[in-house]
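Q: Please take a close look at one part of this structure and describe in detail how it is placed and what it is paired with. After that, please set it beside other parts of the chain, for a reader who is new to it.

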Amino acid sequence: MRYAETGYNLEIDLSRGNIERVESDPKLTELHLGGLGTNAKILWDRVSPEVEPFSPDNLLMFSTGLLGGTPAPGANRTVVTTYSPQTLLMGYSMMGGFWAPELKYAGYDKVIFRGKSPNLVYLWIHNDKVEIRDASHLHGKGAVETQELIRRELKEPNAQVAAIGLAGENRVYLASIEQGRSSASRLGLGAVMGDKGIKAIAVRGTKDINLARPAEFFELCSDVLKYIKFRNENPVPNVMTILQGLGSPQEMVHFDEKWHTENFMWGNARVRKKDYWNKEVEQKWRETQETVRTRLISCYNCPIKCGAIISVPGLSTYMMKCFSKLTYTMAAFSDLDFGFRIAQRATEYGVDGFSTPQVMAFAVELKEAGILTDADFEGCPSDNEGKFYWLLDRIVRREGIGDVLANGTYWAAKQIGKGAEAYAHNNIKKHEQLPLKLGMLNPVYFLMYATGEKANITQIEGQFPQAPFMTMEEREEFVKDWIQVPDEKFKQYVLDWEPRGERSNPYYPTVDMSVDIVDWQEKMHYIDDALGVCAGLSSFPLKPPYHMHNYPRFISAATGMDMDEAGLTQVYQRNRSLIRAINVRRGLRRADEKPPEDHWKKRFPELEEKLLDAYYKFKGWNNDGIPTKEALHALGMDYISEDFEQRGITKDGKS
Ligand code: SF4
């Protein structure tokens with residue numbers, strides 16, 4: 001019997017219309033757990049690095065995590081994986097909501113698509129019954145609208161539906177996959193779904209999941225729930241409001257946006273508004289939010305309410321996720337009411353709420369700079385908000401200048417030329433990052449930005465404080481109940497870290513400490529993404545309920561596998577190296593690992609090189625960021641070094 005996982009994947013060949021239920025290899029679960037880890041192994045094994053993102057040979061995988069659908073609070077992530085059309089590297093993005101648990105209850109761990117359907121279709125999974133159904137009547141329908149239309153058509157109000165909107169159908173690189181109150185937004189996964197001709201995947205499952213030691217597992221879950229209650233009642237002191245709790249409920253629960261509006265950049269990372277926030281703005285934004293927010297909502301089996309149902313008069317209802325509340329508002333130099341309105345349209349179109357506003361602001365800036373012309377903007381309203389609606393409509397339809405912008409700022413700038421590249425100043429590995437421009441280099445963030453494979457800083461940062469505490473009393477208070485640290489040395493790092501002087505950025509944390517910190521943060525994210533647990537309860541917040549000390553017990557009780565912290569660390573190292581190896585085969589090298597030039601005003605090239613050197617060495621990678629033969633051997637992954645040799649990426653173990 002398989003525990004925690006079902007042991008079966010659904011393999012869908014869209015070119016042939018073939019559906020197979022395939023037993024998975026339990027050995028892979030031991031090596032990679034599940035979710036992102038096993039997705040990466042499948043991508044490595046089955047999709048050669050020469051395959052283009054829009055090739056029928058590219059795979060598109062929807063995976064539950066190993067703990068997905070079990071009673072573990074917040075174990076609800078769906079990990080979507082493919083080659084990204086935007087970065088051309090491995091692209092993966094997580095969505096919360098309800099879809100992954102439903103897939104497990106239907107009897108499957110993953111749905112793996114290959115080929116392309118000649119017509120628009122949707123997949124209907126109802127326990128053992130799986131059908132590819134015609135979706136021609138859903139052409140052009142909104143991503144939220146489609147979910148409801150399919151539920152009605154199937155007469156299954158409890159079906160969970162992941163769908164794309166017009167952007168995905170038109171292979172817009174910013175296209176998301178929307179589902180419930182969540183979405184897989186980053187890296188153009190919705191474009192690959194559209195390219196394969198899949199409008200949606202509907203799933204309804206009523207089976208059980210087996211647990212190896214259920215009583216022990218429930219006790220662990222109960223401890224997590226108690227801790228969540230404790231943390232909610234005892235916010236972390238001396239840090240900004242948004243870092244005090246768990247999940248990301250601050251966006252929909254709270255109204256205080258001083259930190260985001262004054263520290264993130266407005267426009268396309270154009271300007272900081274240092275004194276934007278005041279009582280009047282707060283009152284106005286509070287009224288706006290209270291008027292449109294009808295109810296706070298959670299993902300499956302989670303007591304935190306990060307999302308909200310938004311009902312703007314005259315528009316259909318949608319779910320607001322996380323930070324999208326501000327991205328459109330700030331990109332357009334507008335206010336919250338506009339943000340809520342345009343986010344409704346953008347959600348129906350199915351676009352990434354981080355990249356899309358930046359792309360539109362980029363276009364406006366290019367027009368102001370005379371790089372784009374009146375001809376490019378023919379028919380565009382003159383008012384600021386009108387421009388954004390107009391651009392959004394053009395982008396998702398790939399009409400006129402929208403066709404160029406639909407590929408994101410990196411590719412659009414290349415195509416436009418005439419100096420447009422200088423305005424695409426917010427990318428790493430061809431992908432839009434948070435619109436932040438700061439003063440002093442932060443060594444930990446430098447490493448996370450430069451080397452992260454997830455291509456999204458908010459999904460790399462985590463349990464270590466983002467900034468030093470002002471006083472020793474605050475530091476001591478923070479470390480005294482810091483049970484999550486994998487090693488006591490991290491407490492000392494915090495105690496010694498000061499806002500100014502010798503022990504401050506950029507030389508403190510030191511190079512070695514920075515590497516340690518980043519490794520810990522990455523470890524938690526990689527484990528979450530293999531287990532299918534929301535980062536909001538684990539890798540992302542300070543002092544979360546899941547950490548390195550209780551995760552092994554969760555895994556052991558759920559699956560019956562012997563797991564301890566050393567074993568879990570090795571799984572992480574395996575998954576981290578595998579994803580790096582996939583991207584190395586796709587051409588990723590040290591030269592690509594750099595934050596935007598102007599991310600910090602004060603840069604330290606020599607220190608940055610040292611940070612990268614030390615990080616690579618720590619990981620067992622060579623100076624070009626390629627995992628070494630020895631390190632791969634220690635992880636039982638000789639097949640990777642052999643492949644590198646065959647392809648000429650390394651010669652006698654050297655690049
Ligand atoms: S913490 Fe928030 S985003 Fe995470 S599972 Fe809970 S409700 Fe969803």
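A: In this predicted model, Glu-102 belongs to helix α3, which covers residues 99-106. Glu-102 counts as buried because its relative accessibility is 9%, and the cut-off for buried is under 20%. Its C-alpha atom is separated by 9.8 Å from that of Ile-125, a residue 23 positions away along the chain.

The number 125 falls within strand β7, made of residues 121-126. Of the 6 residues in β7, 5 are buried, so the strand is largely enclosed by the rest of the structure. Two partner strands can be described for β7. With strand β8 (residues 129-134), β7 runs antiparallel and is joined by 6 bridges. One of the bridge pairs sets His-126 against Lys-129 in β8. The hairpin of β7 and β8 has 2 residues between the strands, and Asn-127 there takes a positive phi near 50 degrees. With strand β12 (residues 198-204), by contrast, β7 pairs in the parallel sense, again over 6 bridges. Here Leu-123 has Ile-201 of β12 as its bridge partner. Both senses of pairing have a common basis: strands of a sheet pair through backbone hydrogen bonds, either parallel or antiparallel.

Another sheet can be set beside these pairings. It is open and consists of 6 strands in the order β2-β1-β6-β3-β4-β5, with mixed pairing. At its edges stand β2 (18-23) and β5 (90-95); each has a single partner strand, so one side of each is left without a neighbour in the sheet. From one strand to the next, the twist averages 15 degrees. Within this sheet, β3 (residues 60-64) and β4 (residues 78-83) are antiparallel and share 4 bridges. Phe-62, for example, has Val-80 in β4 as its bridge partner.

Aromatic rings provide further contacts, with 33 aromatic pairs in the structure. In one of them, the ring centres of Phe-338 and Tyr-389 are 5.7 Å apart and the planes meet at 80 degrees, so the pair is edge-to-face. Since Phe-338 lies in helix α12 (residues 336-349) and Tyr-389 in helix α14 (residues 384-397), the pair ties together parts that are 51 residues apart in sequence. Phe-338 counts as buried, at 2% relative accessibility. A tilted pair is formed by Tyr-616 and Trp-621, with 6.1 Å from centre to centre and 40 degrees between the planes; both residues are buried. Elsewhere, ring pairs link Phe-464, Phe-469, Phe-478, Trp-482, Phe-490, Tyr-493, Trp-497 and Trp-520 into a cluster.

Rings also lie beneath charged groups. The charged end of Lys-273 sits over the ring of Trp-266, at 4.1 Å from its centre. In the case of Lys-367, the charged end sits over the ring of Phe-377, and the distance to the ring centre is 5.9 Å.

Finally, the ligand is surrounded by Asn-76, Arg-77, Arg-181, Gly-247, Ser-298, Cys-299, Cys-302, Ile-304, Cys-306 and Cys-534. By type, the residues of this shell divide into 5 nonpolar, 3 polar and 2 charged.

To return to the starting point, Glu-102 is a buried residue in helix α3, and its C-alpha atom is 9.8 Å from that of Ile-125. Strand β7 itself is paired antiparallel with β8 and parallel with β12.

Methods. Residues are numbered from 1 along each chain as its sequence is written. This is a predicted model: local features need pLDDT of at least 70, side-chain atom pairs count only at pLDDT 80 or more; totals for chains, interfaces and linings use all residues. Side-chain values use heavy atoms; hydrogens and water are left out. A residue is near a molecule or strand if one of its heavy atoms lies within 4 Å of it. Ala, Val, Leu, Ile, Met, Phe, Trp, Tyr, Cys and Pro count as nonpolar, Asp, Glu, Lys and Arg as charged, and the others, Gly among them, as polar. Two strands pair if DSSP finds at least two bridges between them. Axes are lines fitted to C-alpha atoms, for helices over the stretch in contact, and angles run from 0 to 180 degrees between N-to-C directions. Rings of Phe, Tyr and Trp (its six-membered ring) pair if their centres lie within 6.5 Å; planes under 30 degrees apart count as stacked, over 60 as edge-to-face and the rest as tilted. Buried means under 20% relative accessible area, exposed over 50%, partly exposed in between (1.4 Å probe, protein chains only). A charge sits over a ring if NZ of Lys or CZ of Arg is within 6 Å of the ring centre and within 35 degrees of the ring normal.
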